[in-house]
Amino acid sequence: MDGSRLAAGGVADFAAGLVNPSLRLGVTGLSRAGKTVFITALVNALLNGGRFPAFEALSGGRITRAYLEPQPDDDLPRFAYEQHARALTGDDRHWPESTSRISQLRIAVEYTPSGLISRSFGRGKLHIDIVDYPGEWLLDLPLLRMSYPEWSAATIAASRAAPRLAHAAEFHEVLAGLDPGGSADELAAIRAAEVFTAYLARCRRDDVSLSSLPPGRFLMPGDYKGSPLLAFAPLDIAPGTELHKGSLGGLMERRYRSYVSGIVKPFFYGHFARLDRQIVLVDALTALNAGAAAVKDLEQALTGILACFRQGPNALLSTLFGRRIDRVLFAATKADLLHHSSHDRLENILKLIVGEAMTRAEFQGADVDAAALAAVRATREATVRQNGETLECILGTPLAGEAIGATQFDGATEAAIFPGDLPKDPRKALDGSLEGSLKFVRFRPPLRKDGGWPHIRLDRTMQFLLGDRFR
Ligand code: GDP
């Protein structure tokens with residue numbers, strides 16, 4: 001059933017692709033990783049150009065026209081590009097509203113092919129369908145293969161170990177009062193779900209920064225906010241426990257199953273499995289600053305994400321009409337929070353984390369790479385001499401209310417900040433030794449004097465994700 005649904009989508013995509021070549025680009029990442037800003041900057045680059053030396057089709061002048069078109073899928077909301085671009089460029093410039101659900105945007109790009117033979121066939125045209133979705137949803141993949149008692153046991157065991165234990169006191173207190181064999185009390189189920197969700201949110205906070213916290217819709221409900229499909233929580237039971245109808249455990253189990261079959265499966269088969277390329281945005285700097293546990297958790301989350309892209313006979317994305325993800329890029333965002341001397345280092349740290357995740361996920365198939373970027377660069381650089389020492393600083397306008405130590409920023413004054421350095425040896429970053437050593441503030445988006453938006457390495461990213469399709 002699931003396979004045939006997927007095949008039906010694949011046939012439709014395949015048939016459409018013969019007439020109009022298209023590329024479905026998935027953009028994902030955990031909440032606040034930078035998806036909205038990335039897509040807005042990418043679309044702006046294609047529509048309006050700018051300085052993108054490493055994106056050959058654009059820098060070589062071969063992109064002749066680009067425009068937005070009605071999107072192909074009527075069941076997906078449209079990515080609000082115009083609204084987000086206005087937020088970034090208006091008088092009161094501010095960061096756009098973040099991703100909270102899936103959305104889509106289609107951009108048509110006309111270009112002059114580079115090859116002699118293809119050029120003689122005239123102009124080329126490529127439809128790029130960008131699909132933006134919360135990375136939290138990808139981390140639900142393992143649930144497809146887990147029963148409710150298995151998931152409960154694993155989730156509770158994790159909550160009883162560091163670093164999650166420190167954030168689980170209230171959840172454990174409520175859990176201790178729940179009897180899986182007792183009667184199915186709706187209010188008890190709702191209360192348990194609320195306390196469990198609050199525990200997950202605590203694990204996600206900036207200073208804790210854990211990544212791997214399924215079920216994904218609990219932190220990113222999308223259109224399911226308040227739905228009974230999310231009114232369940234794990235119970236303190238062993239993996240093989242049988243739960244009876246009419247009991248609290250039975251109710252939780254039924255809801256868990258509805259969640260998996262009604263939300264997780266349709267997302268994977270209806271949207272995820274139809275992507276051609278994927279970029280996974282990662283807020284690696286926050287994880288590095290939060291310490292070893294957060295870095296380990298990030299690695300675990302990336303392993304889970306890579307498992308979604310694994311190819312092979314038993315993999316989720318098996319061969320279907322040539323539609324399979326052939327390139328995956330992991331990108332550490334907000335590189336403009338560091339001096340350029342640390343950009344390569346950030347890239348190398350992410351490469352190391354991804355490399356280990358690939359080994360653990362026994363990954364093979366798509367081309368995988370890692371990069372560091374700032375889709376919209378909010379800072380410049382400056383060298384500051386202080387007490388005889390030379391510090392490589394970044395310069396920008398911190399948002400009102402941001403602070404470093406006793407210094408409070410007002411949202412209007414520029415400041416030079418020494419954010420700290422990343423180590424030359426990427427392995428040194430993974431042991432937690434950077435904990436608390438980096439100084440970040442949120443800067444206002446840059447004030448632009450010309451049309452192009454400043455960025456760091458967005459052109460390289462575009463070349464990896466799109467470059468070969470403009471040949
Ligand atoms: P999403 O939840 O993944 O959609 O994340 P957003 O794209 O909304 O980004 C979350 C926040 O990260 C923004 O509000 C900005 O404060 C910050 N951010 C995102 N991209 C950049 C960037 O390129 N540079 C800087 N300095 N901050 C960024």
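Author: A disulfide here is a pair of cysteine sulfur atoms within 2.5 Å. By that test the structure holds 0 disulfides. This is a predicted model, in which local features need pLDDT of at least 70 and side-chain atom pairs count only at pLDDT 80 or more, while totals for chains, interfaces and linings use all residues. Residues are numbered from 1 along each chain as its sequence is written, and side-chain values use heavy atoms, with hydrogens and water left out.

Reader: Why is Cys203 called buried or exposed?

Author: Buried means under 20% relative accessible area, exposed over 50%, and partly exposed in between (1.4 Å probe, protein chains only). Cys203 has 0%, so it is buried. Cys393, at 3%, is buried too.

Reader: What makes a residue part of the shell around the ligand?

Author: One of its heavy atoms must lie within 4 Å of the molecule. The ligand has 19 such residues around it, and the closest are Arg32, Lys35, Thr36, Ser98 and Asp336. The shell divides into 9 nonpolar, 5 polar and 5 charged residues; nonpolar covers Ala, Val, Leu, Ile, Met, Phe, Trp, Tyr, Cys and Pro, charged covers Asp, Glu, Lys and Arg, and the others, Gly among them, are polar.

Reader: How do you know that Asp336 makes a polar contact with the ligand?

Author: A polar contact to the ligand is a pair of N or O atoms within 3.5 Å. A side-chain N or O atom of Asp336 is 2.9 Å from a nitrogen atom of the ligand, so the pair qualifies. The backbone joins in as well: Val37 has an N or O atom 2.9 Å from a ligand oxygen, and a polar backbone atom of Ala375 is 3.2 Å from an oxygen of the ligand. On its own the ligand has 570 Å² of accessible area (Shrake-Rupley, 1.4 Å probe), and the protein covers 97% of that.

Reader: What makes strand β1 largely enclosed?

Author: Strands are DSSP runs of E with at least two residues, helices are runs of H or I with at least four, and both are numbered from the N terminus. In β1 (residues 22-29), 8 of the 8 residues are buried, so the rest of the structure largely encloses it. Both faces are covered, with Ser22, Arg24, Gly26 and Thr28 on one side and Leu23, Leu25, Val27 and Gly29 on the other. In a regular strand the side chains alternate between the two faces of the sheet.

Reader: Why do β1 and β4 count as paired, and in which sense?

Author: Pairing needs at least two DSSP bridges. β1 and β4 (residues 124-132) have 6, so they pair, and they run parallel. Leu23 stands opposite Ile128 there. β1 also pairs with β5 (residues 277-282) in the parallel sense, over 5 bridges, with Val27 opposite Ile279.

Reader: What makes Lys334 and Arg457 unusual in their backbone?

Author: Most residues other than glycine have a negative phi, and most peptide bonds are trans. Lys334 has a positive phi of about 60°, and Arg457 likewise has one of about 60°. At 28% relative accessible area Lys334 is partly exposed, whereas Arg457 is buried at 14%.

Reader: Which peptide bonds are cis?

Author: Among them are Ala162 to Pro163, with omega near 0°, and Pro214 to Pro215, with omega near 5°. Pro163 sits in the loop between α6 and α7 (169-176), and Pro215 in the loop between α8 (186-204) and α9 (216-219).

Technical notes. A polar contact is a pair of N or O atoms within 3.5 Å; within protein, one must be able to donate a hydrogen and the other to accept it, and residues adjacent in sequence count only if both atoms are side-chain atoms.
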